[in-house]
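Here's a quick briefing to keep beside the viewer. Have a look at the model first, then read on.

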Amino acid sequence: MIVGRPMSRIDGFAKVTGRARYAADQQVRGVLHAYLVMSTVARGRITAVNTAGAEAAPGVIAVFTHLNMPRLTVPAPTHGFFKRYLPMQSPDVHHQGQPVALVVARTLEEAQHAATLVEVAYDARRPQSRLEEVMNEAFVPPPGSDGPNELTRGDVAAGMAQAQVRLEAAFHTPIHHHNPIEPSATQAIWDGDRLTVFESTQSLMNTRHSLSQAFGIPLENVRVLSPFLGGGFGAKGPVWPHTILTAAVARRLRRPVKLVLSRAHTYTSNGHRAETVQSLRLGARRDGRITALEHIVTQQVSRTEQTQFNSSEPTRMLYAIPNLRSVQRVARLDLPAQSFMRSPEAVTAHALECTLDELAYELDLDPIEVRLRNHADVNPEDGRPWGSKYLRECYRIGAERFGWSRRDPRPGSMRDGDMLVGWGMATAAHTAGGRPGSGVTVTLGTDGKATVRSATQDIGTGTYTVMTQIAADVLGLPVYDVSFQLGDSDFPEAYTSGASATVPTVGSGVNLAGTRALERLMALATAAGPLQGLPAARVAAADGYLFDREQPRRRVSHRAVLRAHGRPIEVTLTPPAAPLGYSTGATFAEVRIDPRTGRVHVSRIVGVFDPGRVLNRKTLRSQAIGGAIWAIGFTLSEHTLVDPATARIVNANLSGYLVPVNADVPHIDVSFIDKPDPASAALGARGFGETPMTGVTAAIANAVFHATGRRIRTLPITQDRLL
Amino acid sequence: MKLFDYVRATSTGDAVSAGGDYIAGGTDLLNLMKDGVEAPDRVVDINALPLGGISLDAGVLRIGALARMAEVAAHPAVRHRLPVISQALLDSASPQIRNMASISGNLLQRTRCWYFRDTAFACHKRRPGSGCPAQDGQNRWHAILGGSDRCIAVHASDLAVALTALEATVVTHRRRIPISEFYLLPEGTPERENVLESGELITGIEVPVTTLASRSRYLKLRDRATFEFAVVSVAAAVRLRGGEVDDVRLAFGGVAPRPWRSPEAEAALKGGPLTDERIRAAGQALVRDARPREHNAFKVELVQRALAQILGGFR
């Protein structure tokens, strides 16, 4: 089997030698450079603009404002344009850092300098950016694409009445930003009314549809290319205005135009993980069984949209809770549109998993035992069985690897010299897939080699590599005879690289198209030559040969069959929608805290996960490590801060927004159950990328409690909260 | 970034007469220029001046203005005779920055106050008279001591805190300035951060090498393990005789617009043993005049704890 091997990434060599061309690296002849001028007020109207200085600056070709920007159609939110308005179409300003002018010059430096010369006057109103001050204006938005925002199961009041123990807790999580190492970039090239865009995007599909709608041109007139991404984490899943504005000015100027967002621009040009306030009420019996749970999440939305992505799956799906009320509310603030960010469910899971730890202490039960007693044997959403679920094994193996049985549960009981030691655990869980299937073309050439194409993306997760492995396995070819190509919207349309959906949606497509292509190859092989007359069931494929299962020496190469055939075999298809998977795991964290200064250091993390079948142990382990590091930042150091008077982000840079550094990251012990999920059409693999960040956040916070006896329900847990 | 003239000076005289902003490692100035916070007409590159080197002579350590942070931190005499300098440098920035950044530039780096570093905000330091949004804004990182209604930004250099504890002298092409007189408090003129006059060039730093200096340490507390500025830091040098504090110097970072020496805290420790009670009294003396804002009140407690932790190591 090629699937399962810890194969190094196929694009690794190109990446470390600089041969991988990212969106902004593509050399486009005659390209002009654009730079954005951003609003410095959060709410109001532009009353005057003076572009004379900028227009007179060296190298400037044009300066666009709302007065002269071409009129554009606002794309529908169905293809990821969530903002519901395009800037520079009117004098209205809806948030700080909204584009109010766009300068185009011969060089980037000239554009950047001229941008500082654009003068904009505003009629500004005082903005509101504090969520706690608008909680009484919060409302439940109508159901979105992810289902209802208010859900009741059973009878919460009755469940609370049955409870012997009742807990109430309020949590607060701050704004987070994705901060991929590569900021968003667009290069737009027009040829008549045909548009080609080099774009750093997690969704060729969304970008293509949105551009087509914005300019009113047929879909087939738009080609989007995105062969490599320097990360996205959700920032590049939706379509944001800068992409459309760049294409608009390129069309007007009849010249290719390139725009790269500055780091600060990404903070308001992409979305962000919204600030939340969460309240939980939980009732349980003394035996640990939860009788009722109410979980109300209130988060920020902007003035212009109320897009609400479901983040409450942990509340609804993770445990067998008979009486449940789950509510997702939103409140408007004068901030940019929020959107999804890696592991959206981590926000609610954090609150839930910390509250379960409180329950364990309340009942004097082991935290694992509390979770086992509420284990969801079937999907609580619909009562149907899971495809597969090995969460109990994850708890058991994780506890062994961590040494959980040696834990003294009393807070503050474990020490290492002067340092307080804390051990905490939590369940990891995230939905995966449940999205439309992704189109795939498999071509078996007369040279016996396969080319597999899909308009999907590799956001750094290993899509090139894993899809090559699936195709090689299904087609019976060595990996070096398979070329997997992505990042070009001329290929069959694929779903966004998000929602842990790439393996389920593209993997199933590669599997299905590969299977069809092999069937056709076998039909040819059994019609003539060494395998003539054999029933298809007796023929297998491996290492570039088709052979008789009963007499493996009786064989013929793919190449010989195809050469005899004289033309390639090509199969294009889109598989059925991938089922919604649920990849779970158990995570454990150890912290060391200096009681004098309150500083928390994570000294050990153990994670055991059930991702279905492991397609590539190396890339999957990288996902798990990355998720754990994200969890360290989420729990201990990351937060976007907004100036209350102006609603302007004050730390829109990597100096003020603290992602973990190497010294913050301990050894991370990762293992997998590695058993196929029969419900998966991707060789038993489930989507997994977003699971491993969940769990770890609460495991760290629960470890902090174990070390100190302090329950810190506001993130991040900076040292001042532990003094 | 605005267009500017670039001049490469080869002698101190040329550099001074060139009339521009000096650049050495450029690790701070370039960022400030890119962000439009600084916009010099002329940048004078002083890297070719003969101002490097580290030497120990007659009880004085001389650090050339152009010595790099990494070089100074690794120097054997610094590590053994003046450990607080080495520790403060190694706790600063990242290896890449320490390889580039000069010692004199480190002393002159501008504050990390985000209101100062974002030209969309008012800031008295950047645009005198415009305002100070930090007073009622996101001020978790701001000063609790020595601030004014016009500025509560903190000084960012760890090295300057160590040098303050060691009573170093800043040497310019014109004069010698004790470091205690080098930095200015903001009061009504936060745009003036030090006593250097226009065009005055730092040529080196001198640090007395004493037995007290050899018993010096640095403690830095911050929100992640490395590559981050101090929330609170302490440089301490303590000499004990017969179990009693014979001499002590304390300087603090992250709490004030300049490195903060506390004679009151030192006085509370001198002449007695390093007991918890006396350490507590020293901490209380340090923060007696603290004026915290909405988000930084914790620093009042944290800086006392940091002091207790570092002094505990001298017992």
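What follows covers the annotations, the contact between chains, one helix and the domains.

This is a predicted model. Chains A and B touch through 26 residues of chain A and 24 residues of chain B. Helix H3 of chain A (residues 108–115) gives the largest share of chain A's side, three residues.

**Annotated regions**
- In chain A, an unreviewed UniProt entry puts "domain: Aldehyde oxidase/xanthine dehydrogenase a/b hammerhead" at residues 17–126. That stretch of chain A is 12% helix and 32% strand, with its end C-alpha atoms 50 Å apart.
- For chain B, UniProt (again an unreviewed entry) has "domain: FAD-binding PCMH-type" over residues 1–212. Here chain B comes out at 30% helix and 16% strand, and 47 Å lie between the end C-alpha atoms.

**Chain A's side of the interface, and H3(A)**
- Chain A's side facing chain B is made up of nine nonpolar, 10 polar and seven charged residues.
- Within H3(A), the buried residues are A:Glu110, A:Ala111, A:His113, A:Ala114 and A:Ala115.
- Those buried residues of H3(A) pack against strands S1 (32–38), S3 (60–65) and S5 (99–105) plus helix H2 (52–56), in chain A.

**Domains of chain A**
- The assignment splits chain A into domain 1 (14–126 + 181–231 + 236–269), domain 2 (343–434 + 580–722) and domain 3 (435–573).
- Domains 1 and 3 of chain A have C-alpha centres 39 Å apart, and they meet through 16 residues of domain 1 and 15 residues of domain 3.
- On domain 1's side of that contact, H5(A) brings the largest share, four residues.
- By class, that side of domain 1 holds seven nonpolar, seven polar and two charged residues.

Technical notes. Residues numbered from 1 in each chain as written. Chains lettered and ligands numbered in written order. Predicted model: local features only at pLDDT ≥ 70, side-chain atom pairs only at ≥ 80, totals over all residues. UniProt positions renumbered as here; feature names shortened; annotations may be inferred. Helix = DSSP H or I, 4+ residues; strand = E, 2+ residues; numbered from the N terminus. Contact = placed C-beta atoms within 7 Å. Nonpolar A, V, L, I, M, F, W, Y, C, P; charged D, E, K, R; others polar. Buried ≥ 20, exposed ≤ 12 C-beta atoms within 10 Å, placed from the backbone. Domains from an automatic or database assignment.
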